[in-house]
Each structure stands twice: as C-alpha cells, then as structure tokens.
Amino acid sequence: MSTTRTFADKPTLTGDLVTLRPVEPEDIAALADILRGPELRRLTGSDHSTAEAEAAQEDPARLLAWYSTRNEQTDRLDLMVVDNATGETVGEVVLNDWDEGNRTCGFRTLFGPAGRDRGLGTEAIRLLIDYAFTHLPLHRIELEVFTFNPRAQRVYEKVGFVVEGRRREALEYDGERVDAISMGLLRAEWEAARGSASAS
C-alpha cells in the first residue's frame, strides 16, 4: 500500500472512456448546466418537489466561489469527469468527509445527461476508487443513494460497494417518503476483487 499522497494532491487519471482531472475555470459553465437539470436535483435529494427542481437556478457566482477553491482543499478530492470522445466535462466524482482517525471518507458523484448510459460513470468511479485505495491511507469509503435511483445503486455495486443498511423515509419528495440506502467499500474487499481480476 502506497500512502505517499494526501487529499491535497490532485491527480489526473486517464481511462479508456474518461479522464479525471482537477477543476479548471471552463468547467464552471458545464457544471452550472448539469446542476440545472431537474432529474439530477431529484436524484440527489437537492429539492423536495418536482416544482422546486424545475424552478431551481444555480447562482453562477456561488458556483464559481465553490469550485474555484476545490483544488486547494486538503481534506477532500474533487475531480472533473471528462468524456475522452468529446472533451466535454460531463460530471464530477468526489471523496469528501475525510475522517483521519478512522481512515474513512464519503463518496459522491454527479453526472449530467451527456455522461449517462455509456459506461462513463462506472469507469470514472473505478478510476477514483483504485487511486484512493492505492495512494491514500483509506480503510473505508461510504455513500448513500436514494431508492428511486436504482441505476446508481447498480453502478456502485458493480464497482464493489456493498449495501449495509437503510435510512427509512429519509427524504420527502413530492409528498412521498423515500428511503436512503447506505453502502460501503472496504480496502480488503477492493484488494480481494483486484486480486481476482488479475488472476483471471
């Protein structure tokens, strides 16, 4: 295990379909477009109704202020997902909520329509997870996904995350209650899967 890097290091990771890289100024407009999508706002639980999601407008100044500081953070890793075929920024993958004492962190992802249904998300997540467990002192990565987003849950399971529990009725959306599924991936599970893959 190499632990020579920290969350302050912002790598560029290249796969067959996508490249993950630090935030650049031109990403802000692409992210603003992605964040305007009502479906994405629903899937992430950013709003509580379809009407809210459709009316939502991201403040460009707020987005600029947030994303212009991502590369300076020492306790999280925010990387843009670039489609290798088009050069377009289609989303982001993030390791956050770093807990140094327990060597755990959270994970979240965000993909606009141009980044869906072509395997880009699966490869992006694998690239980040492989980097994290290879170079960072992590024992565990965890996330939550709402039950009305089975596509995302399938992708997380595909890359090795395990369902660990359920926060019942954690979100209210359009007057209905939605559960949140808790998922985690341990270093030992990642190492076992990696060993199986290299042996086959």
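# Exercises on a predicted structure

Strand 7 and strand 8 form a hairpin with two residues between them, and Asp174 in the turn has a positive phi of about 50°. The model is a predicted one. The exercises below begin with this hairpin.

## Exercise 1. The hairpin of strand 7 and strand 8

Task: Determine how many bridges join strand 7 to strand 8 and in which sense the two strands run. Then state whether Asp174 is buried, partly exposed or exposed.

Solution.

Step 1. Eight bridges link strand 7 to strand 8, and the two run antiparallel. Within this pairing, Val163 stands opposite Met183 in strand 8.

Step 2. Asp174 is placed in the loop between strand 7 and strand 8. Its relative accessibility is 44%, and buried requires a value under 20% while exposed requires one over 50%. Asp174 therefore counts as partly exposed.

Step 3. Phi of Asp174 is near 50°, a positive value in a residue other than glycine. Most residues other than glycine have a negative phi. Glu169, which is not a glycine, also has a positive phi, of about 50°. The place of Glu169 is in strand 7.

## Exercise 2. The order of the sheet

Task: Give the order in which the eight strands form the sheet, and identify which strands are at its edges.

Solution.

Step 1. The order is 1-2-3-4-5-6-8-7, in an open sheet with mixed pairing.

Step 2. Strand 1 (13-14) and strand 7 (162-173) are the edge strands, since each pairs on one side only.

Step 3. Helix 5 (residues 120-135) packs on this sheet. Its contacts are with strand 1, strand 2 (18-21), strand 3 (77-83), strand 4, strand 5, strand 6 and strand 8 (176-186). The direction of helix 5 makes about 45° with that of strand 2.

## Exercise 3. Strand 4 and its two partners

Task: Describe how strand 4 is joined to strand 3 and to strand 5, and state how many of its residues are buried.

Solution.

Step 1. Six bridges connect strand 3 with strand 4, and the strands run antiparallel. Val82 is found opposite Thr89 in strand 4. This pair of strands forms a hairpin with five residues between them, and Gly87 in the turn has a positive phi of about 75°.

Step 2. On to the next partner: strand 4 (residues 89-99) and strand 5 (residues 104-111) are joined by seven bridges and also run antiparallel. Leu95 stands opposite Phe107 in strand 5, and Val93 is opposite Thr109. Here the hairpin has four residues between the strands, and Arg103 in the turn has a positive phi of about 55°.

Step 3. Of the 11 residues in strand 4, eight are buried, and the strand is mostly covered.

## Exercise 4. The surroundings of Thr147

Task: Locate Thr147 and list which residues it touches beyond those up to four places away in sequence.

Solution.

Step 1. Thr147 lies in the loop between strand 6 (140-146) and helix 6 (150-158).

Step 2. Because its relative accessibility is 33%, Thr147 counts as partly exposed.

Step 3. Leaving out residues up to four places away in sequence, Thr147 touches Arg166, Val178, Asp179 and Ile181. For Thr147 and Arg166, the separation is 19 residues in sequence and 9.4 Å in space, C-alpha to C-alpha.

## Exercise 5. The two pockets

Task: For the largest pocket and the second largest pocket, state what volume each has. Then describe the lining of the largest pocket and of the second largest pocket by class.

Solution.

Step 1. The largest pocket holds about 1,100 Å³ of space. Among the 41 residues of its lining, Thr44, Thr109, Leu110, Phe111 and Tyr156 are the closest to its centre. Elements giving two or more residues to this lining are helix 2 (38-43), helix 4 (60-67), strand 4, strand 5, helix 5, strand 6 and helix 6.

Step 2. By class, the lining of the largest pocket comprises 17 nonpolar, 10 polar and 14 charged residues.

Step 3. The second largest pocket has a volume of about 190 Å³. Its lining consists of 12 residues, with Arg126, Asp130, Val159, Trp190 and Ala193 nearest the centre. Helix 5 and helix 7 (187-199) each contribute at least two lining residues, and the largest share, five residues, comes from helix 7.

Step 4. By class, the lining of the second largest pocket comprises six nonpolar, one polar and five charged residues.

Definitions and conventions
Residues numbered from 1 in each chain as written. Predicted model: local features only at pLDDT ≥ 70, side-chain atom pairs only at ≥ 80, totals over all residues. Heavy atoms only, no water. Buried < 20%, exposed > 50% of the residue type's maximum accessible area, 1.4 Å probe, protein only. Contact = heavy atoms within 4.5 Å. Pairing = 2+ DSSP bridges. Axes fitted to C-alpha atoms, helices over the stretch in contact; angles between N-to-C directions. 1 Å grid on protein atoms, 1.4 Å probe; cavity = no way out; pocket = protein on both sides within 12 Å on 5 of 7 lines; lining within 4 Å. Points joined across faces, edges and corners; volume = space filled by probe spheres on them. Nonpolar A, V, L, I, M, F, W, Y, C, P; charged D, E, K, R; others polar.
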